[in-house]
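Please walk through the structure below, from one helix end to the chain as a whole and then to its charged pairs.

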Amino acid sequence: MLALSLCSSSGAWHSGSPDGPAGWPGSCLSDDTWVLLVFAKEDSQSDAFWWACDRAGFRCNIARTPESAVECFLDKHHEIIVIDGRHSRYFEPEAICRMIRATKHSENTVILAVVPQKLPDQEEPSVLPLLCAGFSRRFVENSSVSACYNELIQIEHGEVRCQFKLRACNSVFTALEHCQEAVEITSEDHIIQYVNPAFERMMGYHRGELIGKELTELPKSDKNRADLLDTINTCIKKGKEWQGIYFARKKSGDNIQQQVKILPVIGQGGKIRHFVAIKRANTDNNNQVFKINKEDRCSVDHTQSECHSLRHRDRRKDSIDARSVGSRGSDAPSLQNRRYSSVARIHSMTIEAPITKVINIINAAQESSPVTVAEALDRVLEILRTTELYSPQLASKEDDPHTSDLVGGLMSDGLRRLSGNEYVFSKNMSQSQLAIPVTLKDVPPSIAEMLNDEERWEFNILDLEAATHKRPLTYLGLKIFTSFGVCDFLNCSEATLRSWLQLMEANYHSSNSYHNSTHAADVLHATAYFLRKERVKSSLDQLDEVAALIAATVHDVDHPGRTNSFLCNAGSELAILYNDTAVLESHHAALAFQLTIHDSKSNIFKNIDRNQFRTLRQAIIDMVLATEMTRHFEHVSKFVNSINKPMAAIEETSMS
């Protein structure tokens, strides 16, 4: 029902909630819309608006004097104000409107003037004086409740809702005022309409010097190529985003290199109404290597891997962590300084993969190419950015779809990654994708000599990586699995084990600087080292040992080189698939079994009974999921307790 407040001339409020007329339909409009009625005396017109508010479900206040009207508005911030303008002997409606407009919160309020009906022979009065006084619209005197109701709901559905959107714009502009990137908004005719403080700081201009000026009026840098502006305009006028490097001239006359993204904003009628330019100074001392793929690229989607991971050698056994540095006495400061300086040099390195270099060469060629050539090179870049560079594709299936499908099936033999967690398998995967593995007896002497030391903690996995041409997991896995009798336990042949090891190694990304097959081999070596210790060995049976060795082998298979947090924040397919919970660890475990059981030639579990397989599978999954760092200390504590407590009991028994 209607929430009514009467504001007296002294500002005192009296509230009530009288029942409205029976039989009126309920309103679907907002209960939070407030209406202020400013009428000096109660009459049929004020009653009509009062009942109309009740019918619409609006909350209503009534003020009798200018002072109480302003006081009431300052307290409630009404969305709609209705001022009686029929009788000037009580108060001046224009004066009340100006008083309300002079307050801070009135810019989003719709103010309605009630004007008297004109005589039949009287000319229609102009609304201009009312608009100049601050009124939004006028309402010709009509004491019909339905007429007042229609007027109010038209205002609510029109101007009031538009004003709500304008209020939200204040939040948007607050964000723009405080963001670190320079933002410039221009009209469709490239007239500057807004720049944020970051833009002022970057360019040296004050906002008042730029608003209302055309971009062509500002000084230009002579470092850009001659046709760059034409290229940008051609791109953005098509409604496409432009991103690239641009040289701008500051107010001081200095040139500044910027990373610029220009986005067209589509408005009424589907036409471009504004352009938003986001600019960032292109400095060389950033901690991140930021690469623009193409200066004049006209594409909405610019996602591309910006740089490959650093190829630095990670010696697990010989590395110096924070604890070892802190315990080395006088050597600590120098070692720590060397560590920090090395990290600083890493951040200053410019790292490019071969494909990135190719794309950059094409980008440079486009700068001096005609439009037709540049468009052709655009298509080349799109092809290069796909992951299926060497997968043959049939041009068309229209002539003979059955033949095309048959030929296509023959051409797509092997394992092909589609996305996130989807794979397409074919019949001869292990043979087409993988070279025939060597036997343990056929290992080259140099590698065999290295493997003789694999039981020592000082075993150098990086030397094995170099000697095996980045295939350490297969060779080391053969040696360790054989020494632990894994083939006997699983009742599988050595050939099946070799195929499985090579399959797992093939699904590690060699482009990853850390999470590659060398890392898996490193973890496998450490796992085997601890499994051979008597205190651990006495607590485990052979199933536990086999599960630990297999888990160490597969624990990072198909690692994309990104963290769980990155995948969750990016909304990747894997994160969605595993509900943002242990995303990578779940993927490693699931894919390892998916790959293993697909082909009999590499299925190391095919000969064990179902119950043993279920127990072994669960142990492997638990170990892989335990590699999630958020639960690291919990698992370590449980493991230490499981080892220490039984050993403490044994020691007490032996002493007694």
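**A capped helix and its surroundings**

At the N-terminal end of helix α22, Asp541 acts as the cap: one of its side-chain oxygens sits 3.2 Å from the backbone nitrogen of Leu543. This is a predicted model, so distances such as this one are computed from predicted coordinates. Helix α22 covers residues 542–554, which makes 13 residues. From its first C-alpha to its last, α22 reaches 19 Å, close to the 18 Å expected at 1.5 Å a residue. Eleven of those 13 residues are buried, so α22 is largely enclosed by the rest of the structure. Among the buried residues of α22 are Leu543, whose backbone nitrogen faces the cap, and the run from Val546 through Ala547, Ala548, Leu549 and Ile550. Glu545 and Thr553 also belong to the buried set.

The chain around this helix has 656 residues, and buried residues make up 40% of them. It contains 27 helices and 15 strands. Of the contacts with a separation of 6 or more, 65% are between residues 24 or more positions apart. The accessible surface comes to about 36,500 Å², and carbon and sulfur atoms contribute 53% of it.

One part of that surface is a nonpolar patch formed by Val127, Leu128 and Leu131, with about 250 Å² of accessible area together. Leu131 belongs to helix α4, which spans residues 128–133. With a relative accessibility of 44%, Leu131 counts as partly exposed.

The charged pairs come next. Side chains of opposite charge can pair when their charged atoms come close. In this chain the count comes to 19 salt bridges. One of them joins Asp43 and Arg86, whose closest N and O atoms are 2.5 Å apart. Asp43 is in the loop between β3 (34–38) and α1 (44–56), and Arg86 is in the loop between β5 (80–84) and α3 (93–101), so this pair ties together parts that are 43 residues apart in sequence. The two partners differ in burial: Asp43 is partly exposed, at 23% relative accessible area, whereas Arg86 is buried, at 13%.

A second salt bridge runs between Glu159 and Arg137, with 3.0 Å between the closest N and O atoms. Here the pair links distant parts of the chain, 22 residues apart: Glu159 is in helix α5 (residues 145–178) and Arg137 is in strand β7 (residues 137–140). Glu159 is partly exposed, with a relative accessible area of 26%. Arg137 also counts as partly exposed, at 25%.

A third salt bridge connects Glu455 with Arg532, and its closest N and O atoms are 4.0 Å apart. Glu455 lies in the loop between α15 (445–451) and α16 (461–467), while Arg532 lies in the loop between α20 (517–531) and α21 (534–537), so the pair ties together parts that are 77 residues apart in sequence. Glu455 is partly exposed, with a relative accessible area of 47%. Arg532 is partly exposed as well, at 22%. Elsewhere, salt bridges that share partners join Asp43, Asp84, Arg86 and Glu141 into one network.

Arg532 has a further partner. Its side chain makes a polar contact of 3.1 Å with the side chain of Ser483. Ser483 lies in helix α17, which covers residues 472–483. Ser483 is partly exposed, with a relative accessible area of 43%. The C-alpha atoms of Ser483 and Ala528 are separated by 9.7 Å, although these residues are 45 residues apart along the chain.

Another serine, Ser517, is found in helix α20. Is Ser517 buried or exposed? Ser517 is buried, because its relative accessible area is 7% and the cut-off for buried is under 20%. The side chain of Ser517 makes a polar contact with the side chain of Glu505, at 3.1 Å. Leaving aside residues up to four places away in sequence, Ser517 touches Lys470, Pro472, Leu473, Glu505 and Tyr508. Glu505 thus appears both as a polar partner of Ser517 and among the residues that Ser517 touches.

How values were computed. Residues numbered from 1 in each chain as written. Predicted model: local features only at pLDDT ≥ 70, side-chain atom pairs only at ≥ 80, totals over all residues. Heavy atoms only, no water. Helix = DSSP H or I, 4+ residues; strand = E, 2+ residues; numbered from the N terminus. Buried < 20%, exposed > 50% of the residue type's maximum accessible area, 1.4 Å probe, protein only. Contact = heavy atoms within 4.5 Å. Areas by Shrake-Rupley, 256 points an atom, 1.4 Å probe, with all protein chains shown as cover. Expected span 1.5 Å × (residues − 1). Polar contact = N/O pair within 3.5 Å; in protein donor to acceptor, adjacent residues only side chain to side chain. Patch = residues over 30% accessible without salt bridge, like charges linked within 9 Å, V, L, I, M, F, W, Y side chains within 5 Å. Salt bridge = Lys/Arg side-chain N within 4 Å of Asp/Glu carboxyl O.
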